Amino acid sequence: FRDMRLSGQSLGRVWGFWKVIEPEQGRFRSDILDDAIQMLKKYQIEPVFCLVGNFHTRPDIKTVLKRDRQGFPAFLAKWHTVTRDNRDAVLMVPIREVYGPYLDFVLKTWKDDVKIWEMSNEPGLLIQPPDGHTRWYLDFCKYTYETIKKEQPDSILLGNGVTGDFGMNMVGWCQRLNAEDPDYVNYLDGVAFHPYRCGLDYINGMYFRYRDVVRDISRTLKVRKPLWNTENYYLETAYSRQVNYYLNKERYGANEVARQFLDGFLNGVKATLANSTTSFYRPVNVNGLAAPNDVFAATNALSWLLKDM
């Protein structure tokens, strides 16, 4: 947390593992996540609380839940729905009756510490969604928005969560939301997006895809909302390709990380809290020590240059 602040970060994403907060239905605890939130506050880093992580999961839900693979408590398994091609699945839980008590506890516990809420992570990351999934997600957003705004009128609610990870179409999810209800943006203060596979300069025959994707997402919105880049572990350029998911997060340098922030700001991105912790350190040496790298230095310098902007 100290290093996050030294590297110039002012926002930190907190992942809401439902299983950690409500391990059994109706039994809640706050201690594990509260440690992280209090440390962020200690170092003057604003928490962005991702309320439920991923609702999408694997088809073999019993195995997933028993092995604690996705952060969901086992009692949610009864609402597990497999996609039309049997490749993925989603937990479409009763919103008011089951999700409601969880949200009430989270809000009661952390409303004095958290003002920015990301509703869920990448809700559209499905190949062939089950019937009713898009409508359920929009009902989930509306319920979350109205519940939090009643307690916290000045809060910021982020939704949509479009991603390019795993080959997903960056605007396809936006189009599905529009087809269901183009007014859904009225229940968002900002649009979360994850610009994976979006080159910062030239890649795969395209120039400046990151910039274009930001503009393309904005064009799908009936009402313009600021975009928030809440996750992007890989920064792709002509010199740093995205390879081996989750193994090469550090394959870029100072030029790329500065370009990501500045290119986003130039094209209407409100905030970027996108990079993996592993990107800020040299590989661990023989003594088990990791030293800050050029990415660390670059974000430190950039934050100082932009401090009054």
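This passage describes the sheets, helix packing and pockets of a predicted model.

The strands are considered before the helices. Strands of a sheet pair through backbone hydrogen bonds, in either the parallel or the antiparallel sense, and the model contains sheets of each kind. Seven strands are arranged in an open sheet whose order is 1-2-6-7-8-11-12, with parallel pairing. The edges of this sheet are formed by strand 1 and strand 12, each of which pairs on one side only, and the twist from one strand to the next averages 30°. Within the sheet, strand 8, which covers residues 190–194, is paired in parallel with strand 11, residues 227–229, over three bridges; in this pairing Phe193 is placed opposite Asn229 of strand 11.

An open sheet of three strands follows the order 3-5-4, and its pairing is antiparallel. Strand 3 and strand 4 (80–82) each have a single partner strand and stand at the edges, so one side of each is left without a neighbour in the sheet. Strand 4 pairs with strand 5, residues 89–91, in the antiparallel sense over three bridges, and the bridge partner of Thr81 in strand 5 is Val90.

Helix packing is described next. Two packed helices are described by the angle between their axes together with the distance between the axes. For helix 9 (residues 254–266) and helix 10 (residues 294–305), the packing angle is about 35° and the axes are 8 Å apart, the crossing being right-handed. Helix 9 contributes Ala254, Val257, Ala258, Phe261 and Leu262 to the contact, whereas helix 10 contributes Asp294, Val295, Ala298, Thr299 and Leu302. By class, the residues of this contact comprise eight nonpolar, one polar and one charged.

The axes of helix 5 (residues 95–110) and helix 6 (residues 133–151) come within 11 Å and cross at roughly 35°, and this crossing is likewise right-handed. On the side of helix 5 the contact is made by Ile95, Arg96, Tyr99, Gly100, Leu103, Asp104 and Leu107, and on the side of helix 6 by Trp136, Asp139, Phe140, Tyr143, Thr144, Thr147, Ile148 and Glu151. The residues of the contact between helix 5 and helix 6 divide into eight nonpolar, three polar and four charged.

Two pockets are also described. The largest pocket has a volume of about 1,100 Å³ and a lining of 39 residues, of which Arg13, Trp15, Thr230, Glu231 and Tyr233 lie nearest its centre. Helix 1 (2–6), strand 1 (11–15), helix 3 (31–42) and strand 3 (56–57) each supply at least two residues of this lining, with strand 1 giving the most, namely five residues. Strand 1, an edge strand of the seven-stranded parallel sheet, and strand 3, an edge strand of the antiparallel sheet, therefore both take part in lining the largest pocket. The lining is made up of 19 nonpolar, twelve polar and eight charged residues.

The second largest pocket, with a volume of about 620 Å³, is lined by 19 residues, and those nearest its centre are Gly8, Ser10, Phe265, Ser303 and Leu306. Helix 9, strand 12 (269–272) and helix 10 are the elements that give two or more residues to the lining; helix 9 and helix 10 are also the pair that pack at an angle of about 35° with their axes 8 Å apart, while strand 12 is an edge strand of the parallel sheet. By class, the lining of the second largest pocket has nine nonpolar, seven polar and three charged residues.

How values were computed. Residues are numbered from 1 along each chain as its sequence is written. This is a predicted model: local features need pLDDT of at least 70, side-chain atom pairs count only at pLDDT 80 or more; totals for chains, interfaces and linings use all residues. Side-chain values use heavy atoms; hydrogens and water are left out. Axes are lines fitted to C-alpha atoms, for helices over the stretch in contact, and angles run from 0 to 180 degrees between N-to-C directions. Helices (H or I, at least four residues) and strands (E, at least two) are DSSP runs, numbered from the N terminus. A crossing is left-handed if the near helix is turned anticlockwise from the far one by less than a right angle, and right-handed if clockwise. Contact means heavy atoms within 4.5 Å. Ala, Val, Leu, Ile, Met, Phe, Trp, Tyr, Cys and Pro count as nonpolar, Asp, Glu, Lys and Arg as charged, and the others, Gly among them, as polar. On a 1 Å grid over the protein atoms alone, a cavity is a set of points where a 1.4 Å probe fits but cannot get out, and a pocket is an open set with protein on both sides within 12 Å along at least five of seven lines; lining residues have an atom within 4 Å of a point. Grid points are joined across faces, edges and corners, and a volume is the space filled by probe spheres set on the points. Two strands pair if DSSP finds at least two bridges between them.
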